[in-house]
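Let's work through a few exercises on one protein model. Have a go at each task before you read the solution.

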Amino acid sequence: MFNKNLMPAIRFYCRLSFFMLFFACLLLPVNLLADEKPNITIKTATLTQQDSTFLLNSLIVYNLSDEAIEALHNGVTLTFNIDLSITEPRKWLWNKHHTNLTLPYQLRYHTLAKIYQVSDTTNNIRLNFSSLSAALHSLGTLTDIPIYTLTNSPHINANASLNAYLNIEALPLPMRPLAYITPGWHLRSNTFQWPLAQ
C-alpha cells in the first residue's frame, strides 16, 4: 500500500529538484564561458595611410591557458609577437614580399605591486593595469601603430596578413623544453588576411 503520509515530502523534493535544475540551466552559459578554450583570435585588422606612413589598427582577443597564467603569476614575462606581412600576388612569378615585420609585446605581473604591465617594446611604451582582463584587452587593442618599413606604393595590388602568437623562444631557457611539448603553451592565431587599401 502507498503511504499517503509521504505525499508532502515527495512534493517538497520534486519542487526542490525542479528549482535546482532551473538554476543549473541559468548558470550553464556562465560555465561555458569560463571554460573557453585558450587561443588567440584576430577580430579585425586594417592598414590606413596617413601622409607617407601606414598605420596599423587591429583587435586581437587573447585567452590564455592555465599554464601561461600560472607562469605569469610566478614572475615569468610572456612575449607575444605580431607578424605583419605585405605581399603582392603575381600571375607568372612567385608573390613579391614588400614587408615582413614583427611587433613584440610583453605581458608581466608585478607581485609586490599587484599590477599587470603591458609593454610595447618597439616604441618603449608601458601601461599598468589592476586586472588581467584589462591588461589582455590593452594587449589586443592596436591603435594607429606606425609601419615605417612600408613605403608608399599606390599602384600595387597587395594583400596584408597578420598573425599573433606566444613566443616560446622568449621564455626562460629552463622552461622551453616543456613548453614545446605542452599544448597550453602553443597559443597562435589563424592568419588574418585582407586587401591593402589603395
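**Exercise 1: the sheet**

How many bridges join S3 to S4, and do they run parallel or antiparallel? Work out how the whole sheet is put together around this pair.

A quick note before you start: this is a predicted model, where local features need pLDDT of at least 70 and side-chain atom pairs count only at pLDDT 80 or more, while totals for chains, interfaces and linings use all residues. Residues are numbered from 1 along each chain as its sequence is written, and side-chain values use heavy atoms, with hydrogens and water left out.

Solution.
- Step 1. Eleven bridges join S3 to S4, and the two run antiparallel. Strands (E, at least two residues) and helices (H or I, at least four) are DSSP runs, numbered from the N terminus. Two strands pair if DSSP finds at least two bridges between them.
- Step 2. Pick out one position: Phe-80 stands opposite Tyr-105 in S4. Tyr-105 in turn stands opposite Asp-120 in S5.
- Step 3. S4 and S5 are antiparallel too, with six bridges. They make a hairpin with four residues between them, and Lys-114 in the turn has a positive phi of about 55°.
- Step 4. Carry on to S6 (residues 125–129), which pairs with S5 in the antiparallel sense over five bridges. Here Gln-117 has Asn-128 as its bridge partner.
- Step 5. Put the strands in order: six of them form an open, antiparallel sheet, S6-S5-S4-S3-S8-S9. S6 and S9 (192–195) are at the edges with a single partner strand each, so one side of each has no neighbour in the sheet.

**Exercise 2: the helix on the sheet**

Which residues of H2 are buried, and what do they pack against?

Solution.
- Step 1. Buried means under 20% relative accessible area, exposed means over 50%, and partly exposed is in between (1.4 Å probe, protein chains only). In H2 (residues 66–73), the buried residues are Ala-68, Ala-71 and Leu-72.
- Step 2. These cover an arc of only 100° around the axis, so they sit on the same side of H2. The arc is that of the directions from the helix axis to the C-beta atoms.
- Step 3. Turn to the face pointing away from the buried side of H2, and you'll find the exposed residues Asp-66 and Glu-70.
- Step 4. The buried residues of H2 pack against S3 (78–88), S4 (96–110), S5 (115–120) and helix H3 (132–139). Contact means heavy atoms within 4.5 Å.

**Exercise 3: the rings**

How many aromatic pairs does the structure hold? Describe two of them.

Solution.
- Step 1. There are three aromatic pairs. Rings of Phe, Tyr and Trp (its six-membered ring) pair if their centres lie within 6.5 Å; planes under 30 degrees apart count as stacked, over 60 as edge-to-face and the rest as tilted.
- Step 2. Take Tyr-109 and Tyr-116, with 4.6 Å centre to centre and 40° between the planes: a tilted pair. Both Tyr-109 and Tyr-116 are buried.
- Step 3. Now try Phe-192 and Trp-194: their ring centres are 5.8 Å apart and their planes are at 55°, so this pair is tilted. Phe-192 has 22% relative accessibility, so it counts as partly exposed, whereas Trp-194 is buried at 11%.
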